[in-house]
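Dear colleague,

I am passing on the structure we spoke about, with my notes on it following below. Please read them with the coordinates open beside you.

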Amino acid sequence: MACESAMSERRVVATALASAFLAGPWTIQGLTERGLEVVGAPSPWVASLARSAVRFFPRAPRARMELLADLLATRAAFQRGFEDPEARARIVRWRVSEPRMARQPWPVPSLPAQADLADWLGVTSAQLDWLADVPGIERTSPPGRWRRYRYTWIPKRSGGQRLLERPGLDLACVQRKVLHGILDRIPAHDAAHGFVSGRGVRSFTAPHVGQAVVVRLDLEDFFLAVRPARIWGVFRAAGYPDGVVRALAGLCTNRTPGAVMARAPTPTSLATVAARWRWTRRLESRHLPQGAPTSPALANLAAYRLDVRLSALAAAMGARYTRYADDLAFSGDASLARRTRRLLHLVGLIVREEGFTPRAGKTRVMSQGTQQRLAGVVVNARPSIPRADYDRLKALLHLCRTRGPDSQNNTGHPDFRAHLLGRIAWVSHLHPTRGARLRALFEQIAWTA
């Protein structure tokens with residue numbers, strides 16, 4: 001207990017000195033004078049601490065007071081301040097530095113302090129603390145009204161299950177404001193096409209049409225693999241100070257309760273044991289929850305450096321690169337076809353260095369002699385759905401015309417007409433000629449009122 005008390009005292013003094021250092025000109029003399037005002041006694045170690053701060057930060061870290069306090073607390077000069085009984089470090093006066101944001105590279109709202117963030121979100125400071133859950137209370141909370149998320153295990157088409165974490169109404173409302181007010185104003189990399197306004201599956205696949213070879217890779221647990229430091233980095237890059245960054249990151253991340261993890265499905269084979277271990281570790285630590293409206297945008301922004309490096313690799317090898325969420329696509333001419341092994345090796349190295357994991361067994365190398373598919377779209381000659389899928393939809397429309405639509409609604413879709421129109425619209429988006437043929441068949445169907 002005495003040790004914890006001493007550590008807490010030193011942290012408070014370091015924070016007071018950091019606040020004073022940032023409250024005026026960033027010069028050794030200015031820092032020393034303001035530091036002496038804080039400790040209120042002739043203390044030679046303060047000047048040494050000021051020199052150390054200027055050496056580490058040539059310019060004042062206005063938005064990084066907590067980082068500055070962490071630095072000061074580790075300096076040998078600071079430790080001497082607690083060893084000298086005649087000039088022991090103590091707080092006589094607290095100088096408050098005015099909260100500031102760093103230079104804003106994008107048109108995001110100015111939020112220099114947590115109080116400003118709470119006002120902008122329309123919540124009280126207490127509500128913000130609970131919604132952000134910085135202490136991680138959600139991790140140990142039992143089912144009930146104090147949980148911020150609702151948890152549902154849902155089956156995956158590829159087998160196994162995934163955890164859907166849906167935020168409560170209050171948290172979802174706050175997350176949507178963060179999404180539209182901040183994240184939507186930060187541009188994703190040009191190679192990112194999933195969850196980006198104005199881009200989609202067509203823009204993701206278009207660069208790879210008609211190429212001699214197309215290479216597809218998947219990333220394992222894309223949202224969960226985004227490390228908390230990357231999320232902090234996104235908000236710091238927008239210019240926000242540490243306190244606001246911590247709150248924003250807390251609003252957009254979660255730690256899954258242990259009781260929920262206890263219901264996780266067991267591995268069905270030895271091959272999935274390692275993947276499950278990574279998956280559960282990621283759920284237990286702070287992660288982007290699948291179900292939060294902010295997760296797709298944050299995952300894209302957090303993967304910016306991954307996109308930069310993979311784009312540079314593709315350019316160096318004469319290839320093209322795009323990404324749609326966790327799907328990575330490369331393509332090129334015949335020369336790339338001879339170097340796919342090296343490409344895959346280098347991509348794997350970069351992906352792992354950036355904190356992601358390639359999904360085992362999902363890598364595909366597709367030549368022009370085979371059906372080249374990306375995100376369910378065939379790209380051999382032009383973007384299109386697979387011929388078999390087109391033929392099945394065409395046959396379904398023909399049966400609806402000859403036997404009536406009710407006879408073909410085997411899944412009991414509540415609005416079968418809208419369902420068919422949606423499928424036709426998707427075909428038209430990729431292949432207008434085929435879409436027009438399907439639309440003509442649809443118009444011949446006799447729909448009951």
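In what order do the 4 strands of the open sheet lie, and is their pairing parallel or antiparallel? Before I answer, please keep in mind that this is a predicted model. The order is β4-β5-β3-β6, and the pairing is antiparallel. At the edges lie β4 (320–324) and β6 (364–367), each of which pairs on one side only, and from one strand to the next the twist averages 15°.

Within that sheet, strand β3 (residues 213–218) and strand β5 (residues 327–332) run antiparallel and are joined by 6 bridges; to take one position in β3 and β5, V215 has F330 as its bridge partner. Two helices should be viewed together with these strands. Helix α18 (residues 340–353) packs on the sheet, where it touches β3, β5 and β6, and its direction makes about 25° with that of β3. Helix α16 (residues 304–316), for its part, lies across β4 and β5 and runs at about 150° to β4.

I also looked at a pair of helices. Helix α6 (residues 114–121) packs with helix α12 (residues 242–252) at an angle of about 40°, the axes being 8 Å apart, which means that α6 is oblique to α12. On the α6 side the contact is made by Q114, L117 and L121, which meet G243, V244, R246, A247, L248 and L251 in α12. By character, the residues of this contact divide into 6 nonpolar, 2 polar and 1 charged.

As for the cysteines, the structure holds 0 disulfides. C252 is in no disulfide, and the nearest cysteine sulfur, which belongs to C173, is 13 Å away. C252 counts as buried because its relative accessible area is 0%, where the cut-off is under 20%. C400 has a relative accessibility of 1%, so C400 counts as buried too.

Finally, some figures for the chain as a whole. Its secondary structure comes to 21 helices and 8 strands, and the C-alpha trace spans about 95 × 55 × 45 Å along its principal axes. Of its 449 residues, 46% count as buried. If one takes the contacts between residues at least 6 apart in sequence, 70% of them join residues at least 24 apart.

With best wishes

Conventions
Residues are numbered from 1 along each chain as its sequence is written. This is a predicted model: local features need pLDDT of at least 70, side-chain atom pairs count only at pLDDT 80 or more; totals for chains, interfaces and linings use all residues. Side-chain values use heavy atoms; hydrogens and water are left out. Axes are lines fitted to C-alpha atoms, for helices over the stretch in contact, and angles run from 0 to 180 degrees between N-to-C directions. Angles under 35 degrees count as roughly parallel, over 145 as roughly antiparallel, 65 to 115 as roughly perpendicular and the rest as oblique. Contact means heavy atoms within 4.5 Å. Ala, Val, Leu, Ile, Met, Phe, Trp, Tyr, Cys and Pro count as nonpolar, Asp, Glu, Lys and Arg as charged, and the others, Gly among them, as polar. A disulfide is a pair of cysteine sulfur atoms within 2.5 Å. Buried means under 20% relative accessible area, exposed over 50%, partly exposed in between (1.4 Å probe, protein chains only). Two strands pair if DSSP finds at least two bridges between them.
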